[in-house]
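Visitor: I have a structure open on my screen and would like to talk it through. Could you take me around it?

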Amino acid sequence: MPDAVVIGAGPNGLVAANLLADAGWSVEVLEAQPEPGGAARSDRGVHPDYVSDLFSSFYPLAAASPVLADLDLQREGLRWEHAPRVLAHPLPDGRCAVLARGAADTAANLDTFAAGDGAAWLDLVNTWNRLGPDLLGALFTPFPPVRYGARLAARLRGAGGLRLVRSLVLPVRRLGEEQFGGEGGRLLLAGNALHADLGPEAAGSGGYGWLMSMLGQTYGFPVPVGGAGALTSSLVRRLERRGGTVRCGEKVTEVVVRGGRAVGVRTEQGESVPASRAVLADVSAPALYGELVDAAHLPGRLLDDLRRFQWDFATFKVDWALSGPVPWTAPEAARAGTVHLADGVDGLTRFAARLATGQVPDRPFLLFGQMTTTDATRSPAGTESAWAYTHVPHRIKGDAGADGLTGAWDRSEQEAMADRIETEVERWAPGFRSRIRSRRILAPPTLQAMDANLHGGAINGGTAAMHQQLVFRPSPGTGRPETPVKGLYLASASAHPGGGVHGAPGANAARAALRGRAGLRLRPPALPWVVRAGQDASGNSRSADRPQAGSGA
């Protein structure tokens with residue numbers, strides 16, 4: 001009997017499992033998909049000569065995360081690579097806002113938009129340099145972050161106090177207008193805010209845009225050499241070296257609760273897997289409380305709160321194998337790993353308004369990834385492994401474009417939306433479509449089928465808006481990973497601090513489990529419901545041709 005069962009082998013689940021194994025616990029990770037990784041996977045499914053990331057690609061939060069740093073994954077073979085430029089946002093008039101690797105270079109670019117904007121950028125960087133370490137410490141530790149919070153409060157007084165707090169809760173449009181005279185700096189902040197589901201007019205989007213911009217300025221937007229799957233492989237290798245196991249093709253359908261305590265799980269194949277100390281769930285909060293745990297074990301208020309749970313935007317993604325570099329009209333974009341495509345801040349507002357009113361945008365804001373530009377191992381020399389994604393409403397009321405998209409996402413709708421995305425890229429890179437060797441479409445239902453945590457194509461485990469952060473995540477409470485069921489911990493991006501690949505929700509859950517169950521084990525005789533693979537409920541052998549547990553690993 002393992003000490004702990006972890007549901008889900010995404011980054012958070014694997015981080016949690018590693019920390020428990022470091023503490024001497026025996027750990028079994030059960031993953032529904034045929035391979036581990038959750039939203040950190042890569043393959044050669046677009047073209048055999050090209051490595052494509054299925055979901056996440058760039059990892060500024062991973063680079064900044066003390067959780068991942070403490071795991072020392074470089075010892076497991078993980079290596080990081082950077083593009084020459086972090087991010088670019090071209091404009092229709094040929095200008096291009098650039099987030100460079102060095103702050104002075106970024107400032108020089110912004111000065112071409114308006115004199116003095118470079119100094120304004122450096123002011124933001126200086127504020128980050130004073131606050132950043134404690135802010136990240138507060139972000140990546142269990143709530144409330146007493147030590148880092150106290151230090152951050154003290155530093156805030158010296159960095160502008162309430163005036164700075166006011167700036168961070170501003171909508172990013174207003175923050176950009178107050179900070180910069182030209183459009184370049186405004187674009188960097190607003191585009192980065194939309195890496196979450198925060199449009200230019202959303203409260204708090206200024207703080208999020210500043211955070212992502214400063215992460216890019218300080219750590220870059222790095223990628224794992226060889227593909228996103230290399231990050232997962234390093235986590236799995238580290239866990240297995242410490243005695244942990246990962247079993248794939250094992251979908252958990254129930255968390256078993258006895259006497260108010262989680263004592264194990266049941267899988268879709270009928271196997272019962274006991275846990276003597278804890279169950280950690282790297283699944284969405286709606287899935288944990290609405291599917292895996294019987295409602296009889298949960299407070300009615302929590303169930304009512306979860307009916308108000310808000311997902312972040314749905315996502316539509318296209319992967320490409322390109323025969324050559326993207327022919328950008330703005331030369332600066334050719335050297336950036338990430339390229340934002342929208343007609344200025346007004347274009348971002350228009351895009352966000354379409355989503356808010358249930359319309360599929362006719363001019364989608366695109367986040368475009370140039371993976372070979374960032375990591376030369378991704379495709380043959382002179383080619384490009386690329387992708388772009390945009391957002392669409394979960395419930396579509398209409399199509400602002402001419403294709404009449406309804407959200408059925410059948411083959412014809414998927415092709416039409418992919419064509420719309422490619423047409424948008426062509427506006428900024430004429431001749432782009434002529435370089436496409438092959439493409440793969442990942443519509444919202446496809447993303448969910450490949451990773452159940454990406455509900456309807458939502459990639460951040462729930463909205464990043466202020467009403468569902470900190471003590472409001474995933475519902476009003478303490479902001480901690482403990483659940484109403486003893487021994488059960490929420491370890492996914494639905495928990496504080498939320499989405500992004502940084503491992504903090506998994507680490508927080510593991511630390512809570514270690515505090516709550518140190519030295520306490522349930523004995524096997526207390527678990528008469530346990531049924532191992534290959535047996536029926538009476539302990540008799542099943543038919544030899546019945547699928548066995550672990551067959552998908």
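Guide: What follows is a walk through a sheet, some helix packing and a few unusual backbone spots in this model, which is a predicted one.

Visitor: Let's start with the sheet, then. In what order do the strands of the open sheet come?

Guide: The open sheet has 7 strands in the order E7-E6-E15-E17-E18-E14-E20, and the pairing is mixed. Its edge strands are E7 (96-100) and E20 (436-442), each of which pairs on one side only. On average, neighbouring strands of this sheet are turned by 20° against each other, with direction ignored.

Visitor: How does E6 pair with E7?

Guide: Strand E6, residues 85-90, runs antiparallel to E7 and is joined to it by 5 bridges. Within that pairing, His89 stands opposite Ala97 in E7.

Visitor: And E17, is that strand buried or exposed?

Guide: In strand E17, residues 366-370, 5 of the 5 residues are buried, so the strand is largely enclosed by the rest of the structure.

Visitor: Which residues sit on which side there?

Guide: In a regular strand, side chains alternate between the two faces of the sheet. For E17, Leu366, Phe368 and Gln370 lie on one side and Leu367 and Gly369 on the other, and all of them are buried, which leaves both faces covered.

Visitor: What are the strand partners of E17?

Guide: Strand E15, residues 336-341, is joined to E17 by 4 bridges and runs antiparallel to it, while strand E18, residues 384-392, also pairs with E17 in the antiparallel sense, over 4 bridges. Leu367 takes part in both pairings, since His340 stands opposite Leu367 and the bridge partner of Leu367 in E18 is Tyr389.

Visitor: Switching to helices: how do H5 and H10 pack?

Guide: Helix H5 (residues 117-139) and helix H10 (residues 205-219) pack at an angle of about 90°, with 10 Å between their axes, and the two are therefore roughly perpendicular to each other. On the H5 side the contact includes Trp121, Leu124 and Trp128, and on the H10 side it includes Trp210, Leu211 and Met214.

Visitor: What classes of residue make up that contact?

Guide: The contact of H5 with H10 has 11 nonpolar and 4 polar residues, and no charged ones.

Visitor: What about H9 against H10?

Guide: Helix H9, residues 183-193, packs against H10 at an angle of about 100°, and their axes are 7 Å apart. That angle makes H9 roughly perpendicular to H10. Leu188, Leu189, Asn192 and Ala193 contribute from H9, and they meet Ser205, Tyr208, Gly209, Trp210, Met212 and Ser213 of H10. By class, the residues of this contact divide into 6 nonpolar, 4 polar and no charged.

Visitor: Different topic: where are the cis peptide bonds you would point out?

Guide: One joins Arg473 and Pro474, with omega about 0°, and Pro474 lies in the loop between H17 and E21. Another joins His496 and Pro497, with omega about 5°, and Pro497 is placed in the loop between E21 and helix H18 (504-517). They are worth pointing out because most peptide bonds are trans.

Visitor: Which non-glycine residues with positive phi should I look at?

Guide: Asp72 has a positive phi of about 50°, in the loop between helix H3 (66-71) and strand E5 (80-81). Leu470 also has a positive phi of about 50°, and it is found in the loop between H17 and E21. Most residues other than glycine have a negative phi.

Visitor: How exposed are those two residues?

Guide: Asp72 is partly exposed, with a relative accessible area of 34%, and Leu470 is partly exposed as well, at 44%.

Visitor: What does Ala464 touch?

Guide: Apart from its neighbours within four places in sequence, Ala464 is in contact with Ala196, Asp197, Leu198 and Gln469. Ala464 belongs to the loop between helix H17 (444-450) and strand E21 (488-490), and because its relative accessibility is 16%, it counts as buried.

Visitor: Last one, on cysteines: how many disulfides are there?

Guide: The count comes to 0 disulfides. As for individual cysteines, Cys96 counts as buried at 3% relative accessibility, and Cys248 is buried too, with a relative accessible area of 4%.

Definitions and conventions. Residues are numbered from 1 along each chain as its sequence is written. This is a predicted model: local features need pLDDT of at least 70, side-chain atom pairs count only at pLDDT 80 or more; totals for chains, interfaces and linings use all residues. Side-chain values use heavy atoms; hydrogens and water are left out. Buried means under 20% relative accessible area, exposed over 50%, partly exposed in between (1.4 Å probe, protein chains only). Contact means heavy atoms within 4.5 Å. Axes are lines fitted to C-alpha atoms, for helices over the stretch in contact, and angles run from 0 to 180 degrees between N-to-C directions. Angles under 35 degrees count as roughly parallel, over 145 as roughly antiparallel, 65 to 115 as roughly perpendicular and the rest as oblique. Ala, Val, Leu, Ile, Met, Phe, Trp, Tyr, Cys and Pro count as nonpolar, Asp, Glu, Lys and Arg as charged, and the others, Gly among them, as polar. Two strands pair if DSSP finds at least two bridges between them. A disulfide is a pair of cysteine sulfur atoms within 2.5 Å.
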